[in-house]
Amino acid sequence: MAITDWPASERPREKLMECGVQALSDAELLAIFLRVGVVGKSAVDLARDLLTQFGSLNGVYAASAKEISLVHGIGMSKYAQLQAVFEMSRRALNEQIRTRDILSSPQLVRDYLKLKLANQLKEIFVVLFLDAQNRLVATEDMFTGTLTQTSVYP
C-alpha cells in the first residue's frame, strides 16, 4: 500500500508536522529523507530494509557504497545523499561543540571523540587543541596506525 493511501496521522511527513520530529521512528525519519520507495515497497518499507540490513542508522552511515547498492531501491544517488546528510549532521554537531566547554566533563570529551572517530577502520592518535576556557580550537590527527594499534612518536 502506498503511503498516500495511509491515514494522514500515520504518514511520516504529516506526523512530523503534527507531533514533532521526536515522534518519528528511525525508519520514518529515513523514509522522509528517501522520499520515494520502489515498486511494491513504500519509502518506509525501504527504510526498514536498510535498518534491518545494517542494524541502525549508524550502521547505514558506515555501510560502503557496494553494501548499500545491494539493497533493492538504493543506488549510488541515494548513497551519495545519505553520505552528504550524515556529513552535514557531523559538521553541524562539530560547530556546536566548538562553542561550548568540551572538557567540562569526561562525558563531553567522549561524545566528541565518538563523533570524530566513528567508523574509523584504523587506530588514530588525535590531539585536541583547546583555549583557556576549554573550548575546542582544533583537532588534528597526528598518527594513524593499523586496525588494532598506532605508534606515537614525539
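Student: In this predicted model, where is the place of asparagine 134?

Tutor: Asparagine 134 sits in the loop between β1 (124-130) and β2. Its phi is positive, about 65°, although asparagine 134 is not a glycine.

Student: What makes asparagine 134 partly exposed rather than exposed?

Tutor: Exposed needs over 50% relative accessible area, and buried needs under 20%. Asparagine 134 has 32%, so it counts as partly exposed.

Student: Where is arginine 35, and what is its phi?

Tutor: Arginine 35 lies in the loop between α2 and α3 (43-54). Its phi is positive, about 70°, and arginine 35 is not a glycine.

Student: Why does arginine 35 count as exposed?

Tutor: The cut-off for exposed is over 50%. Arginine 35 has 59% relative accessibility, so it is exposed.

Student: How do you know that the span of helix α7 agrees with the expected one?

Tutor: The expected span is 1.5 Å times one less than the number of residues. For the twelve residues of α7 that gives 16 Å, and the end C-alpha atoms are 16 Å apart, so the two agree. Asparagine 119 follows α7, with a positive phi near 65°.

Student: What about helix α6: how many residues does it have, and how far does it reach?

Tutor: Helix α6, residues 76-98, has 23 residues. From first C-alpha to last it reaches 33 Å, close to the 33 Å expected.

Student: Which residues of α6 are called buried, and what do they pack against?

Tutor: Buried means under 20% relative accessible area. In α6 the buried residues are Lys78, Tyr79, Leu82, Asn94 and Ile97. They pack against α2 (26-34), α4 (57-62), α5 (65-69), α7 (106-117) and β2 (136-144).

Student: Which residues does phenylalanine 33 contact, leaving aside its neighbours within four places in sequence?

Tutor: Phenylalanine 33, in helix α2, is in contact with Gln81, Leu82 and Val85. Contact here means heavy atoms within 4.5 Å. One of these partners, Leu82, is among the buried residues of α6.

Student: Why is phenylalanine 33 partly exposed and not buried?

Tutor: Buried requires under 20%. Phenylalanine 33 has 24% relative accessibility, so it counts as partly exposed.

Student: How many aromatic pairs are there?

Tutor: The count comes to two. In one aromatic pair, tyrosine 61 and phenylalanine 86 have ring centres 5.0 Å apart and planes at 70°.

Student: What makes the pair of tyrosine 61 and phenylalanine 86 edge-to-face?

Tutor: Rings pair if their centres lie within 6.5 Å, and planes over 60 degrees apart count as edge-to-face. At 5.0 Å and 70°, this pair meets both conditions. The pair links distant parts of the chain: tyrosine 61 is in helix α4, phenylalanine 86 in helix α6, 25 residues apart.

Student: Which residues line the largest pocket?

Tutor: Tyr61 and Phe86 are both in the lining, and others include Leu57, Arg90, Leu93 and Lys114. The elements giving two or more residues are α4, α6 and α7. The largest share, four residues, comes from α6. The pocket has a volume of about 290 Å³.

Student: What is the make-up of the lining of the largest pocket by class?

Tutor: Six residues are nonpolar, three are polar and three are charged. Tyr counts as nonpolar and Arg as charged.

Student: Why is leucine 121 called exposed?

Tutor: Leucine 121 has 70% relative accessibility, and exposed means over 50%, so leucine 121 qualifies. It lies in the loop between α7 and β1.

Terms used. Residues are numbered from 1 along each chain as its sequence is written. This is a predicted model: local features need pLDDT of at least 70, side-chain atom pairs count only at pLDDT 80 or more; totals for chains, interfaces and linings use all residues. Side-chain values use heavy atoms; hydrogens and water are left out. Buried means under 20% relative accessible area, exposed over 50%, partly exposed in between (1.4 Å probe, protein chains only). On a 1 Å grid over the protein atoms alone, a cavity is a set of points where a 1.4 Å probe fits but cannot get out, and a pocket is an open set with protein on both sides within 12 Å along at least five of seven lines; lining residues have an atom within 4 Å of a point. Grid points are joined across faces, edges and corners, and a volume is the space filled by probe spheres set on the points. Rings of Phe, Tyr and Trp (its six-membered ring) pair if their centres lie within 6.5 Å; planes under 30 degrees apart count as stacked, over 60 as edge-to-face and the rest as tilted.
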